[in-house]
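This report describes a single protein chain and is meant to be read alongside its sequence and coordinates. It begins with one residue and then widens to the strands, the overall fold and the charged pairs.

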Amino acid sequence: MQQIINFIIRNKNFLLFLLLFCIAILFTIQSHSYHKSKFINSANFLTGGVYNTANHISEYVGLKSQNQLLVDENRRLKSMLYNLNVDPETNSLDSIHKAYYFSNAKIIKNSFSKSDNILLINKGTNDSIQQDFGVITTEGIVGIIDKISANYATVISILNTTSSISAQLKKTDHYGTLNWDAKNPAVVQLTDIPKIANVLVGDTIVTSGRSSIFPKDVPIGLVENYKLDAAENYYEINVRLFNDMTNLEHVYIIENINKPEITTLLDE
């Protein structure tokens, strides 16, 4: 307190000048409309800039929660999209019988430079994840759940030479088997497409829905080039993936609710 008093005594002349100067400015602003409008505009500009900066900081801090909201919304929309084909007789989304349940996860380890690539996600049995659930992104297919622990699971990537997924030409419904030759992480191979199929470069390849893992029409990629096999009965097609498999973060896990019933029938 004594230091404050000493400071005021030492600078009393300057402080008196500053006080009188502020009073003079206040009287000038109040008595002249031009000066008053200029002051208000300047104050608005200053406070607006401060609030704008604070808003940008707040938006940046909230990015994580906003991203999570977007992931949850995408999961809900995908659930609607891939369940639309289940009950085409109803126009009410709320009354659709759901054959597929979607949950979201995050990739915490991604392998794409080996021949048998595996991914690791942050969901496990505690989140009701089971073996052979499908994994996709907003862009397309990723792989199939393999091993599970309480909080984590491994995913057999489509960039795995042991992976075998049923896929088809979207425009004709001719289907075959999707594999990977371990050469290019951006390109996979579709085989067993019959010669009678009208294949063109740029055609879209999607899942066929002929397995109990993926619903029909999950995007995979585009036909990059193709040729007939040695016997000239089937096409061998190179498919450029929609997904950038080297840069994955958020994924969606697909559970076919009817899979136990289907599996039981097929095993009989």
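Does Ser111 count as buried or exposed? The model is a predicted one, and in it Ser111 counts as buried, because its relative accessibility is 10% and the cut-off for a buried residue is under 20%.

**The loop around Ser111**

Ser111 is found in the loop that lies between β1 and β2. These two strands are joined by a hairpin through 5 residues. Once neighbours within four places in sequence are set aside, Ser111 is in contact with Asn117 and Ile118. With Asn117 there is also a polar contact, made side chain to side chain at 2.7 Å.

The strands on either side of the loop are paired. Strand β1 covers residues 100-110 and strand β2 covers residues 116-121, and 3 bridges hold them in the antiparallel sense. Within this pairing, Lys109 has Leu120 in β2 as its bridge partner.

**The barrel**

Strand β1 also pairs with β12, which spans residues 250-256; the two run antiparallel and are joined by 7 bridges. One of the bridge partners here is His250 in β12, which is matched with Lys106. Both pairings of β1 belong to a closed barrel of 6 strands, in the order β1-β2-β5-β4-β3-β12, with antiparallel pairing. From one strand to the next, the twist averages 45 degrees.

**The chain as a whole**

The protein chain contains 5 helices and 12 strands. Of its 268 residues, 31% are buried. Its accessible surface comes to about 16800 Å², and carbon and sulfur atoms account for 57% of that area. Among contacts with a separation of 6 or more, 57% are between residues 24 or more positions apart.

**Salt bridges**

Side chains of opposite charge can pair when their charged atoms come close. The structure holds 4 salt bridges, and the table lists some of them.

| Pair | Closest N to O distance |
|---|---|
| Lys106 and Glu249 | 3.6 Å |
| Lys216 and Asp173 | 3.9 Å |
| Glu224 and Arg240 | 2.5 Å |

The side chains of Lys106 and Glu249 meet in a salt bridge. Lys106 lies in strand β1, while Glu249 lies in the loop between β11 (234-241) and β12, so the pair ties together parts that are 143 residues apart in sequence. Lys106 is partly exposed, with a relative accessible area of 36%, and Glu249 is likewise partly exposed, at 42%. Lys106 thus appears twice in this description: as the bridge partner of His250 and as a member of this salt bridge.

Where in the chain do Lys216 and Asp173 lie? Lys216 and Asp173 form a salt bridge that links distant parts of the chain, 43 residues apart. Lys216 sits in the loop between β9 and β10 (219-228), and Asp173 in the loop between β6 (165-169) and β7 (175-179). Lys216 counts as partly exposed at 34% relative accessibility, and Asp173 is partly exposed with a relative accessible area of 34%.

Glu224 and Arg240 form a further salt bridge. Here the members come from strands: Glu224 is in strand β10 and Arg240 in strand β11, 16 residues apart. Glu224 is partly exposed, with a relative accessible area of 31%, and Arg240 counts as partly exposed at 36% relative accessibility.

**Thr204 in strand β9**

Strand β9 consists of residues 204-207 and includes Thr204. Why is Thr204 classed as partly exposed? Thr204 falls in this class because its relative accessible area is 27%, and the class lies between the limits of 20% and 50%.

Leaving out residues up to four places away in sequence, Thr204 touches Gln168, Leu169, Lys170, Gly221, Leu222 and Phe242. Two of these stretches can be placed by strand: β6 covers residues 165-169, and β10 covers residues 219-228. Thr204 and Val239 are 35 residues apart in sequence, yet their C-alpha atoms are 8.8 Å apart in space.

Definitions and conventions: Residues numbered from 1 in each chain as written. Predicted model: local features only at pLDDT ≥ 70, side-chain atom pairs only at ≥ 80, totals over all residues. Heavy atoms only, no water. Helix = DSSP H or I, 4+ residues; strand = E, 2+ residues; numbered from the N terminus. Buried < 20%, exposed > 50% of the residue type's maximum accessible area, 1.4 Å probe, protein only. Contact = heavy atoms within 4.5 Å. Pairing = 2+ DSSP bridges. Polar contact = N/O pair within 3.5 Å; in protein donor to acceptor, adjacent residues only side chain to side chain. Areas by Shrake-Rupley, 256 points an atom, 1.4 Å probe, with all protein chains shown as cover. Axes fitted to C-alpha atoms, helices over the stretch in contact; angles between N-to-C directions.
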